[in-house]
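Work through the exercises below with the structure open. Try each task before you read its solution.

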Amino acid sequence: MSTSNLIKSQHRLLRLFTFSFFMTMGIVVTFFPLYFDYKGYSKLQIGLLYAIGPLIGIATNLLWGFLSDRFQTVKKIMIILIIGQLITAILVFTAGWFSLLYICLAMFFFFQQPVNSLNDSQLMLSIRASGKSYASFRVWGSIGFAVSAGGFGLLLRHYGTGLTPILCLFTITCTLILVFFLKDARQSGKKMALGGMLSILRSKKFVWFLTLIIIMSVSHRFNDGFLALYMRQLGAPDSVIGYAWMASALSEIPMFFFLSKHGHRFKELPLLAFAGIIYALRFFIMGSIHNPVWIIGVQLLHSLTFGVFLITANRYLSQIIPDEYRSSGQAIFAVAWSSIAGLISGMLGGWIYDALGGSTVYVIAGCLSIVAAIGFLATHLFQNDERLPGSR
């Protein structure tokens, strides 16, 4: 097979892997809360279950990202992680009481959380070699998430929420098969120097950026953790909840393509401020809705919020983090927007939901989005010219 055909084959495998992994993520985000609700756990217990993932993710993202950079491999790390996912998912679905479920789910998240940032590292490194856009690969994650949320929502409507374990184990198995065929993007290159990474972490500019990311991400994670429960409270069946998640995932696709072609025309920080404003609008509307079907339309604003946020933040990171720190840099970013924000939103959101209701959760999410938007805009106007080591 020619070199050109080999490259095309690897690109197809990368897209399929991203598609398959995000199908699993669609189940975890969309249907795990419904499954735990089906099992009889309270909203606070479900919030605590979701909080343990981000808590574990703080350490595990950094650990596996560091190991990937240290040993210059992404593929071997992902094989270990996906095998771990498969084993611990079986334990999650067979756990008989809450304390055991809590431990098993923590183990599952230990292996599940880092794959997203490692996949982003693999995609970013492949982009450098091929000249392709990040969006042309990442968009398959959105498609996979949409297929999972919409298609599996229909299956669960007909066969019941108890089918969730079978669907989850199926998608993890598919992902595991695909990862063995991927070419390792980190087989060569400069090894990470710990001192350089510490210099990046000491940068006030970098730390402040991550702080704003956390504030915005807490509002985003409120929606991730409690949308399904909020819609069920309003009377939505599983299929409608799946449609809402499918609408948000599909809405990302045109935005990803637009930003891959035209995003360079816009400054990153003002664009993130714009996303924060639209987040606020989206969540204030969500807090006032009484008909769950309307939420499907509101979820289309996901394109102008998370769609803008993800591509723009990754573009900013690609400019300030050298390739030899790629996996560690992506891991720190994942810790900020997923783990720390998810921990805060899971614990705080669960308490607010039980005490004050779902609409209050969304009002607070809107307020946090406004704070983040002001922070990004002020940073753009007043930041200094501090540069990070190895940045371009």
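**Exercise 1. A pair within one helix**

Which side chain meets that of D224 in a salt bridge?

Solution. First, a word on the source: this is a predicted model, in which local features need pLDDT of at least 70, side-chain atom pairs count only at pLDDT 80 or more, and totals for chains, interfaces and linings use all residues. Residues are numbered from 1 along each chain as its sequence is written, and side-chain values use heavy atoms, with hydrogens and water left out.

Step 1. Fix the rule: a salt bridge is a side-chain nitrogen of Lys or Arg within 4 Å of a carboxyl oxygen of Asp or Glu.

Step 2. Apply it. The partner of D224 is R221, at 3.0 Å from N to O.

Step 3. Place the pair. Both residues lie in helix α9, three residues apart, about one turn of the helix. (Helices are DSSP runs of H or I with at least four residues, strands are runs of E with at least two, and both are numbered from the N terminus.)

Step 4. Check the exposure. Buried means under 20% relative accessible area, exposed means over 50%, and partly exposed is in between, with a 1.4 Å probe and protein chains only. D224 has 11% relative accessibility, so D224 counts as buried. R221 is buried too, with 15%.

**Exercise 2. Pairs across the chain**

Find how many salt bridges the rule gives, then describe two that join separate helices.

Solution.

Step 1. The count comes to four salt bridges.

Step 2. Take R232 and D37. Their side chains meet at 3.1 Å, N to O. This pair links distant parts of the chain: R232 is in helix α9 and D37 in helix α2 (residues 32–38), 195 residues apart. R232 is partly exposed, at 28% relative accessible area. D37 is partly exposed, at 21%.

Step 3. Take R315 and E268. The salt bridge between their side chains spans 3.2 Å, N to O. R315 lies in helix α13 and E268 in helix α11 (residues 268–287), so the pair ties together parts 47 residues apart in sequence. R315 counts as buried because its relative accessibility is 18%. E268 is buried as well, at 11%.

**Exercise 3. The enclosed space**

How many cavities of 30 Å³ or more does the structure hold? Describe the lining of the largest cavity.

Solution.

Step 1. Define the term. On a 1 Å grid over the protein atoms alone, a cavity is a set of points where a 1.4 Å probe fits but cannot get out; lining residues have an atom within 4 Å of a point. Points are joined across faces, edges and corners, and the volume is the space filled by probe spheres set on them.

Step 2. Count and size. There is one such cavity. The largest cavity holds about 660 Å³ of space.

Step 3. List the lining. It has 39 residues, and M25, V29, R221, D224 and S338 lie nearest the centre. Elements that give two or more residues include α1 (3–30), α9 (204–233) and α14 (326–356). The most comes from α14, with eight residues.

Step 4. Sort by class. The lining has 18 nonpolar, 16 polar and five charged residues. (Ala, Val, Leu, Ile, Met, Phe, Trp, Tyr, Cys and Pro count as nonpolar, Asp, Glu, Lys and Arg as charged, and the others, Gly among them, as polar.)

**Exercise 4. An unusual backbone angle**

What is phi of Q72, and where is Q72 found?

Solution.

Step 1. Recall the background. Most residues other than glycine have a negative phi.

Step 2. Read the angle. Phi of Q72 is near 55 degrees, a positive value in a residue other than glycine.

Step 3. Locate the residue. Q72 is in the loop between α3 and α4. Q72 is buried, with a relative accessible area of 9%.

**Exercise 5. Far in sequence**

Compare sequence separation with C-alpha distance for two pairs.

Solution.

Step 1. S142 and F19 are 123 residues apart in sequence and 7.5 Å apart in space, C-alpha to C-alpha. S142 is in helix α6. At 1% relative accessibility, S142 counts as buried.

Step 2. L381 and P270 are 111 residues apart in sequence, with 9.2 Å between their C-alpha atoms. L381 is in helix α15 (residues 358–382). At 55% relative accessibility, L381 counts as exposed.

Note on methods
On a 1 Å grid over the protein atoms alone, a cavity is a set of points where a 1.4 Å probe fits but cannot get out, and a pocket is an open set with protein on both sides within 12 Å along at least five of seven lines; lining residues have an atom within 4 Å of a point.
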